[in-house]
Amino acid sequence: MSSYREENPVNPLPPVVVALAVFLIGIELVFAAGTMGLAGGPEAAGWRISAIENWGFREPLFSWMVENGRYPLSDLARFVTYPFLHLSFTHLLFVLVFLLALGKMVGEVFSPFAFLVVFFGASIVGALAYWVVWDTPVVLFGGYPAVYGLIGAYTFLLWAELAMTGGNQLSAFRIIAFLMALQLIFGLLFGAGLTWVSELAGFVSGFGLSFVVSPGGWSRVLVRLRRR
């Protein structure tokens, strides 16, 4: 009797990644249905803009909250709801590419809880960086700060692996260096936006959080440092 076992040539995505992707696509489908008049009546055409206004991160609103010491939960929720809102399907598509690619690599190592800590932690830190750096009425929305957190987590995995094998740890940062260079080029050609601050902060927070939530994260780094 043969011991051969047929294996799936395509490794399935971690369930937490699938759940986030389905949720993101579901929201976009609702907006698209409203825009095309398939649901909600005439007012549904404005669902996307209303959602961004009501659930996107608004820097002046959070400044008011800090100044007055009042933090309504409905407004604090904006820190974790803005990543699910996008201007168009094309906007969402690029976020999905990062989520599925980086999410698979990170989600196969991190627990679902750790994965969500990185995803939403990067969202929160990205919004806080937006608030600290800019004084603007422009609403922050879109999943880039969150998926940049996944880039940070993946960079941590590469960095830790290179530390264990004695490789050049700086090479782990090639991805973020490449993306930031692209942002600089596009900024010079078409004008720089405001979200790059949130994306960079998301990356830094994803990398930093991985010391805490990755399997053996900080202890593994300490072991490596003690060997030097």
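These are my notes on the fold, helix α7 and the nonpolar cores of this chain.

**Overall fold.** I worked from a predicted model. I counted elements in the protein chain and got 11 helices and zero strands. I then checked burial: 40% of the 228 residues count as buried. For contacts with a separation of 6 or more, I looked up the long-range share. Residues 24 or more positions apart account for 76% of them. The accessible surface comes to about 12700 Å². Carbon and sulfur atoms hold 70% of that surface.

**Helix α7.** I turned next to α7, residues 112–133. It has 22 residues. From first C-alpha to last, α7 reaches 31 Å, close to the 32 Å expected at 1.5 Å a residue. I listed the buried residues of α7. Among them are A114, F115, V118 and F119. G121, A122, S123 and G126 are also buried, as are A127, A129 and Y130. What covers them? I found that the cover includes α1 (15–35), α3 (59–68) and α5 (78–81). It also includes α6 (89–107), α8 (144–165) and α10 (196–213).

**Cores.** I looked up the largest nonpolar core and found 42 residues. L99, F115 and Y148 have the most contacts inside it. I asked which helices each supply at least two residues of this core. They are α1, α2 (47–55), α6, α7, α8, α9 (174–190) and α10. The largest share, 12 residues, comes from α8. Apart from this core lies another, of eight residues. F62, M65, F79 and A127 are among its members.

**Back to α7.** I noted two of its buried residues again, F115 and A127. F115 is among the residues with the most contacts inside the largest core, whereas A127 belongs to the core of eight residues.

Methods: Residues are numbered from 1 along each chain as its sequence is written. This is a predicted model: local features need pLDDT of at least 70, side-chain atom pairs count only at pLDDT 80 or more; totals for chains, interfaces and linings use all residues. Side-chain values use heavy atoms; hydrogens and water are left out. Helices (H or I, at least four residues) and strands (E, at least two) are DSSP runs, numbered from the N terminus. The expected span of a helix is 1.5 Å times one less than its number of residues. Buried means under 20% relative accessible area, exposed over 50%, partly exposed in between (1.4 Å probe, protein chains only). Contact means heavy atoms within 4.5 Å. A nonpolar core is a set of buried Ala, Val, Leu, Ile, Met, Phe, Trp, Tyr and Cys residues joined through side-chain atoms within 4.5 Å. Accessible areas come from the Shrake-Rupley method with a 1.4 Å probe; for residues, only the protein chains shown count as cover.
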